Structure formats: C-alpha cells, structure tokens
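Q: Could you pick one kind of building block in this protein and take me through it slowly? I'd like to see how the pieces sit next to each other.

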Amino acid sequence: MRPLSEIERNRIEKVRRLREAGSEPYPARVRRTHTTAQALAAFAASPEGKPEAAVAGRLRSIRTMGKATFAHLEDASGRLQIYLRADELGPEMLRTFADLYDLGDFIQAEGYLFATRTGEVTLHVRALAMLAKSITPLPAAKEDEVDGKRVVYSAFDNPEARYRERYADLALNPDVRDVFRARAKVVTAVRSFLDGLGFVEVETPILQPIYGGAAARPFVTHHNQLHQDLYLRISFELYLKRLLVGGLERVYEIGRDFRNEGVSFKHNPEFTQLEFYVAYADYRDVMTLTEELVSHTAQAVRGTMRVAYQGQTLDFTPPWRRVDLNQIVGEASGIDLRQHPTAEGLAGAMREHGHSPTPGATRGKLIESLLAHYVEPSLVQPTFVYDYPRDISPLAKIKPGDPQTVERFEGFVAGMELCNAFTELNDPLDQESRFDEMARMYGADDEDRNPLDEDYLNAMRYGMPPNGGFGMGLDRLTMLLTDQATIREVILFPHLRSREEPRRSASGDVTQPETLGRDE
RNA sequence: GGCCCACUAGCUCAAUUGGCAGAGCAGCUGACUCUUAAUCAGUUGGUUGUAGGUUCAAGUCCUACGUGGGUCACCA
C-alpha cells in the first residue's frame with residue numbers, strides 16, 4: 001500500500017466531517033431526472049420556462065466568487081454548468097460546498113435551468129448532495145497561454161500512466177471514451193453484417209489440450225484436478241472447421257486469442273480475433289466478403305468508406321486491389337522468384353541483395369520475409385496479396401495446377417497485415433501428409449511446431465464441405481477506424497510489464513526489489 | 001534479446017562549463033453574488049527512478065540495475 005498523500009488525508013478528513021454534519025458521503029440512493037444532455041435539450045425546448053432538472057455527475061471544475069460559485073458537472077452524455085448562490089442555497093450549504101466538496105466528487109444537483117449572461121445553459125441549484133467523495137485527485141488538466149494563443153495540454157497524456165490507470169484516463173479524456181465507444185460499434189457492425197448473411201455465432205474452447213491453427217507459441221496453463229496441461233488458444237480455426245463437418249454451413253466466432261510473443265504497436269499477447277468459415281465458398285468469394293464486411297463496418301462506425309488514418313486517407317470502397325504474391329515480391333525486391341525454385345537458390349539471391357536470410361529457412365519463409373520487408377510497408381490502401389507458398393500454409397488448399405502454391409490471401413492496410421484467409425484444405429489424406437511434412441520440417445524440439453491434432457483429422461475424415469475461411473484482428477481494424485497508431489490505444493487494459501514492488505521483510509525493512517512475472 | 005532516448009513536487013516541465021533544486025497548474029489560507037484558463041494576495045509541498053563510484057562539491061560525469069518509449073531482431 002502506498003502512503004497517503006497530504007491531499008488524500010485531507011479528503012478522508014472531509015468524509016468524516018460530512019458524516020459528522022449528517023450528510024452521507026456515499027449514499028445508496030440518487031435522485032436524477034435528466035442526464036446533462038437531456039437537461040440542455042429541456043432548456044432548448046422551453047427557454048422561457050425555466051425547466052426543472054435533477055442531474056448527477058462528476059465535478060470537473062469549480063469557480064468560486066465569494067457568495068456565488070460556478071462549477072461544471074460531467075456525466076456520460078456531456079457537461080452542464082451549475083450555479084450556486086448563497087441567497088438561494090443558503091450560506092451554510094455554500095460553505096459546506098466550499099469546504100468539503102472537491103474536483104472529482106460525484107454529486108447530484110437539483111434546480112431550474114436558465115441561460116447566463118454569456119449564454120451558457122446553466123442549472124440554478126436549490127439542492128445539492130454528495131454522491132461519492134473522491135479521495136485521490138484525478139491528474140489535473142493544465143491549460144496555458146503561449147504567444148497569446150490558448151494551448152490545452154492534457155496533463156494526463158503519459159502513455160504508461162494512462163494504460164496503467166485506464167480508469168483515470170477515461171475519466172479525464174473524452175476522446176479515449178470515444179475510441180472505446182467506436183470499438184464497441186465495430187464489433188456490433190461485424191456481428192450484424194455476418195448475422196445478416198445467415199452466419200451462426202459460436203463459442204469454442206479457449207483452454208485447449210492441443211493448440212493449433214496458427215504458427216505461434218502458446219501460453220501454457222494447468223488443470224489441477226485433472227493433472228492436465230492446457231494451452232490458451234492461438235486460433236479458433238481447428239474447432240470452427242469441425243463445425244462445418246457437423247453441418248453448420250456458416251459459422252463465426254469473435255473472441256480472444258493468446259500468443260506468447262513480443263509486444264509491439266500492432267501486437268498484444270491477447271487480442272480479439274474474428275474468424276469465419278463459409279461452406280461452398282473459396283478464397284475469391286472470401287475476398288469479396290471481406291471487402292463488404294470491412295467497408296460495411298467503416299460505414300457503420302465512421303459514416304464513410306473513406307477514413308482518415310495517421311495523415312492519410314484509406315478508401316475501403318470495394319473492390320480492393322488484388323495482387324499476386326510472387327509478382328509483387330519480385331517487383332518490389334528485384335528478385336525474380338521463378339528463377340529461384342529452391343530455398344538455397346533464393347537465399348543466395350537474397351544475400352546478393354544484401355540480406356542475411358535465416359539459415360535453414362524454407363523457401364516459403366524466405367518469400368514471406370521478402371513480403372514483410374519490401375511489400376507490406378508500402379501497401380497503404382486496402383490490398384489483397386494472394387497465392388502463397390504451400391510450405392508456410394499447412395491448412396490451405398493447393399491451387400489447381402500449381403502444387404507449390406496454395407489458395408491463400410492476406411489483406412494489408414496502412415502498411416499492416418489486417419486479415420488472413422484461404423480456401424480451406426478439406427482433403428483428410430492431404431492434410432495428414434501436410435502435418436507430417438511440418439513435423440519433419442520443424443523437428444521435435446521446435447517450439448513453433450504445432451502438435452498433431454488427431455481428432456481434427458478424424459473429423460475431416462467424416463467429410464468436410466469445401467469452404468473458405470477468414471481471420472481478422474478486430475483490434476487492428478479498430479485502430480484503422482479510429483485513427484490510432486498503436487494497438488494499446490484500442491485495448492482497454494493492454495499488457496504491460498509488471499511493476500517492480502519493493503517487498504517488506506518481517507522486520508518491516510524494505511528489502512531489495514524483486515522482479516515479478518517478467519517475460520523470458 | 002541488441003541499440004538509442006527518457007525518468008526532477010500530486011500533474012506538466014525548467015535548472016549555463018559539475019557550484020544554494022525552480023515555475024505554472026493542483027493543494028492550503030484569505031478576498032470576491034454571471035464565472036468558465038475566473039481573478040487577486042499569501043502559502044505548503046523534493047531521499048532529482050534505485051544502488052554504487054569519481055569529486056572540495058553531482059539533478060548534471062561514470063558503472064550496474066529498474067521502469068517506460070522508440071527502433072532492430074524474432075513472430076509459417
């Protein structure tokens with residue numbers, strides 16, 4: 001427990017004094033007839049009528065002038081100015097307000113609405129009560145004057161502090177609240193789009209005895225009673241496709257994936273993923289669906305398919321540009337992939353171009369690294385890159401007539417991978433040999449090697465309809481649609497390193513700090 | 001994991017070649033019955049991230065560590 005500051009000790013004393021004066025600082029009941037927005041609307045509807053209103057919210061500013069005080073009260077709908085006068089409220093109540101009420105307190109105020117000399121609609125208060133006393137002051141906003149121009153600094157703009165105390169961030173920064181309202185709209189829009197097409201929303205296990213469906217390291221956990229190690233899922237794919245075997249033709253899931261990897265502006269260890277699978281469709285159909293889904297969502301959230309993002313305008317209007325992977329990598333890197341059919345040959349060509357390819361990487365991995373290096377950053381407008389190397393896509397179906405290529409595409413926007421999809425492999429015998437292939441390629445001790453999911457093969461042997469599958473990070477989509485540069489701005493409580501806490505020994509001395517829960 | 005940068009009052013930031021740690025806001029006391037960056041007068045608040053080192057003297061220089069940010073690597 002951190003020691004209380006002087007201000008906090010003061011405010012706790014005010015809690016005591018309020019109770020002493022017979023006023024409960026944390027009452028159970030609230031009297032509220034209007035939100036602040038409704039109060040403003042009530043006045044607009046009847047400017048001469050002095051409409052009555054009782055509002056509740058957080059005190060955000062106080063301006064005292066002796067026997068009169070102006071203050072602003074904020075609720076989820078906005079702000080309302082309140083006006084307290086000694087001759088109306090009584091000198092004792094005004095005194096109580098001055099002495100015992102602080103910025104950040106939740107209060108209720110009741111009275112009538114009028115317009116001040118400067119035209120601001122204001123509640124003329126006759127009765128006032130504390131709803132919840134704030135002990136710790138919110139990090140205060142600062143405003144300053146530079147060369148005669150008013151500059152408003154949000155005092156609470158330190159990213160670390162904002163993420164660690166998101167509640168304070170939300171309380172102080174309305175834009176942050178707006179981002180998360182928009183995020184909720186993204187999810188709603190995605191759902192309503194898919195529901196409208198007859199998709200069934202399902203939920204599949206997060207705790208999985210065998211993980212799979214993506215190349216990523218999992219988090220490991222343990223079931224005590226069953227003495228069983230379990231993994232937090234890295235994708236939904238293998239479970240959702242089992243459902244196609246079961247006769248559900250269109251399924252989707254929105255939920256959390258967990259990947260035990262590094263953190264960056266576009267990676268969080270847990271993130272929200274959308275996956276859907278459509279029977280009797282291939283990756284071309286899924287491209288069209290993707291364009292419609294994303295443009296629909298942009299329209300629903302932003303009211304337009306042309307969205308400003310980090311100084312650029314992203315145009316999600318279908319159709320999106322479609323480019324062949326081999327061709328665009330060749331053009332961008334100056335390496336003609338067709339002339340280097342082996343991993344060794346391609347690695348040699350890369351070295352000639354000044355790269356140091358990972359030793360032992362497959363040809364597919366090399367191509368992917370070229371894609372990431374040369375192509376991905378330049379794909380600002382929504383673009384589908386299609387036809388991927390077979391060896392990095394063990395769950396995708398071979399392209400007819402081209403055994404080294406699979407029907408897979410990724411969608412890129414603003415230099416970032418947004419989604420990944422393919423014509424799903426539904427041939428159980430081919431799937432089994434692809435798993436075997438992966439096992440040989442990776443070797444038994446490689447952490448990226450997925451364990452073989454026998455039950456998945458078992459399901460497929462019953463017969464799986466041809467289908468197209470799709471995965472998209474909803475955090476990243478939200479970034480694009482809310483103009484946020486990092487994934488942390490669209491996740492309420494992003495992953496942070498654990499704080500180092502000084503530990504107290506039995507004698508009460510502070511011992512050497514110990515690092516807890518660090519990665520690696 | 002590598003490299004770079006940052007860490008000073010509750011918040012945002014100053015502090016010359018190493019030479020008495022400061023300001024604004026917030027807080028506290030007082031004045032003020034249409035203010036909204038309220039205004040005016042006064043005032044409290046510091047182990048300069050942590051631990052060592054160099055020095056007559058360290059916020060400043062050196063080393064290690066911590067935390068955060070950036071970047072590279074990694075991430076089918």
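A: Let's start with a word you'll meet a lot: a residue is buried when its relative accessible area is under 20%, exposed when it is over 50%, and partly exposed in between (1.4 Å probe, protein chains only). Strands are DSSP runs of E with at least two residues, while helices are runs of H or I with at least four, and both are numbered from the N terminus.

Keep in mind that this is a predicted model, where local features need pLDDT of at least 70, side-chain atom pairs count only at pLDDT 80 or more, and totals for chains, interfaces and linings use all residues. Residues are numbered from 1 along each chain as its sequence is written, chains are lettered from A and ligands numbered from 1 in the order written, and side-chain values use heavy atoms, leaving out hydrogens and water.

Now for the strands. Chain A has 21 of them, along with 15 helices. Out of its 520 residues, 46% count as buried.

Take strand β14, residues 306–309. V307 and Y309 make up its covered face, and R306 and A308 its uncovered one. That fits a simple rule: in a regular strand, side chains alternate between the two faces of the sheet.

Who sits beside β14? Strand β15 (residues 312–315) does, running antiparallel and joined to β14 by 4 bridges; two strands pair if DSSP finds at least two bridges between them. One of those matches is V307, whose bridge partner in β15 is L314. The two strands form a hairpin with 2 residues between them, and in that turn Q310 has a positive phi of about 50°.

Compare that with strand β21, residues 467–473, where 7 of 7 residues are buried. N467, G469, G471 and G473 point one way, G468, F470 and M472 point the other way, and every one of them is buried.

What pairs with β21? Strand β13 (residues 270–279) does, in the antiparallel sense over 7 bridges, and Y277 has G469 as its bridge partner there. Strand β20 (residues 416–423) also runs antiparallel to β21, with 5 bridges; in this pairing, T423 is matched with G468.

Zoom in on F470 of β21. Leaving out residues up to four places away in sequence, F470 touches L274, E275, F276, Y277, V286, T290, L293, C419, N420, A421 and E424, where touching means heavy atoms within 4.5 Å.

F470 and M472 also turn up in the largest nonpolar core, which has 45 residues; they are among those with the most contacts inside it, as are L274, F276, F316 and F409. (Such a core is a set of buried Ala, Val, Leu, Ile, Met, Phe, Trp, Tyr and Cys residues joined through side-chain atoms within 4.5 Å.) Helix α9 (residues 283–302) gives the most to this core, with 8 residues. A second, separate core holds 38 residues, including V202, L325, L366 and L370.

Finally, step back along the chain from β21 to helix α14, residues 454–461, whose buried residues are Y456, L457, A459 and M460. Looking down its axis, these fall within an arc of 155°, so they line one face of the helix. Just after α14, G463 takes a positive phi of about 110°.

Terms used
The arc is that of the directions from the helix axis to the C-beta atoms.
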